[in-house]
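Here are a few notes to read alongside the model. They start with one helix and work outwards from there.

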Amino acid sequence: MFNITFDFLFIIVFRWGVAGAAIATALSPLVTIAVLATHFTGGRSNMHYRLNKAQLAYFPRVAKNGLMGFLNEFFAGIITYLYNFMALRYGGVTAVAAYALVGNTCFILQNIIISCCMSSQPILGVNYGAGQTERVKQLIRLVLRYAVLIATSLAAVYFVFRTPISALFANGDDAALIPTAAFATAFFAVSLLFMPFFYTPASALFAVERSFYSNMAVFLRSFVLQACFLMTLPPLFGITG
């Protein structure tokens with residue numbers, strides 16, 4: 001809501017153009033952090049922050065385990081740039097607009113699947129710490145089943161209604177935009193089916209502090225493999241690649 005409101009304010013009222021949109025987008029996470037921080041300042045929480053030497057000693061461990069989330073966000077920007085670059089090169093401005101449309105709608109669906117996998121981390125961590133290995137395995141299987149069910153449902157809806165969904169976010173200025181976006185949506189819908197098989201084990205590794213493996217998996221998925229495929233497939237198969 002902040003982003004939408006300040007996009008209007010910065011672009012329409014202040015006439016800052018694209019820079020205004022960028023500023024609104026950059027400020028939005030800070031607003032999110034401020035809202036979440038009220039939990040610790042409103043007197044409702046029994047958890048309080050206090051800096052001391054003992055806490056600082058945990059920082060390397062926390063930073064190493066938190067690298068997974070950072071890498072995911074950091075490389076997302078680079079990959080988005082590569083997607084746009086290749087879309088412009090092989091499909092023109094229509095393909096770039098279609099990627100923006102499909103990428104943003106798919107991003108919402110991806111986060112639903114990811115949240116299903118990552119929400120298991122506290123329970124996994126507690127049971128792993130208590131030595132309940134069999135319970136950890138049961139929970140991973142349970143999460144995978146639910147994530148596959150959610151991913152399959154979302155992919156089916158996304159695939160079947162790809163044209164109406166594309167039409168919701170496109171205007172009539174470019175007749176090729178909706179068909180191009182609908183065509184691209186088919187590929188993104190299929191990609192949703194594979195997400196549970198990556199994020200379930202990656203989240204489990206993160207929960208039990210196997211940070212090297214979880215960080216390496218995210219690094220390969222979020223940057224290395226996508227960058228390699230983006231550089232090699234379009235020259236072979238054009239915009240379909």
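1. A good place to start is helix α10, which bends by about 40° at Leu220. Keep in mind that this is a predicted model, so the angle is a value computed from predicted coordinates.

2. How far apart are the end C-alpha atoms of α10? They are 36 Å apart. The helix runs over residues 211-237, and because each of its 27 residues should add 1.5 Å, the expected span is 39 Å, which agrees. Just past the end of α10 comes Gly238, with a positive phi of about 70°.

3. Now for what α10 tucks away. Its buried residues are Ser211, Ser214, Asn215, Val218, Ser222, Ala227, Leu230 and Pro234. Which helices do the buried residues of α10 pack against? Two of them: α4, covering 59-118, and α9, covering 195-207.

4. On to the nonpolar core. In soluble globular proteins, nonpolar side chains tend to be buried together. Here the largest nonpolar core has 32 residues, and those touching the most other members are Val102, Ile113, Tyr158, Phe188, Leu192, Met195 and Tyr199. Two or more residues each come from α4, α6 (133-160), α8 (177-192) and α9. The largest share belongs to α4, with 13 residues. Apart from this core lies another, of 6 residues, including Leu124, Val136, Leu139 and Ala207.

5. Tyr199 deserves a click of its own. Besides being among the core residues that touch the most other members, Tyr199 is in contact with Asn72, Ile114, Cys117 and Arg221, if you leave aside its neighbours within four places in sequence.

6. Next, try Thr94, which sits in helix α4. Is Thr94 buried or exposed? Its relative accessibility is 16%, so Thr94 counts as buried, the cut-off being under 20%. Setting aside its neighbours within four places in sequence, Thr94 is in contact with Asp174, Ala176, Leu177 and Thr180.

7. For contrast, look at Arg50, in the loop between α2 (17-41) and α3 (53-57). Arg50 counts as exposed because its relative accessibility is 63%, and the cut-off for that label is over 50%. To get a feel for distances, pair Arg50 with Leu205: they are 155 residues apart along the chain, and their C-alpha atoms are separated by 29 Å.

How values were computed: Residues numbered from 1 in each chain as written. Predicted model: local features only at pLDDT ≥ 70, side-chain atom pairs only at ≥ 80, totals over all residues. Heavy atoms only, no water. Helix = DSSP H or I, 4+ residues; strand = E, 2+ residues; numbered from the N terminus. Expected span 1.5 Å × (residues − 1). Bend = angle between axes of the 7 residues up to and from the residue. Buried < 20%, exposed > 50% of the residue type's maximum accessible area, 1.4 Å probe, protein only. Contact = heavy atoms within 4.5 Å. Core = buried A, V, L, I, M, F, W, Y, C linked by side-chain atoms within 4.5 Å.
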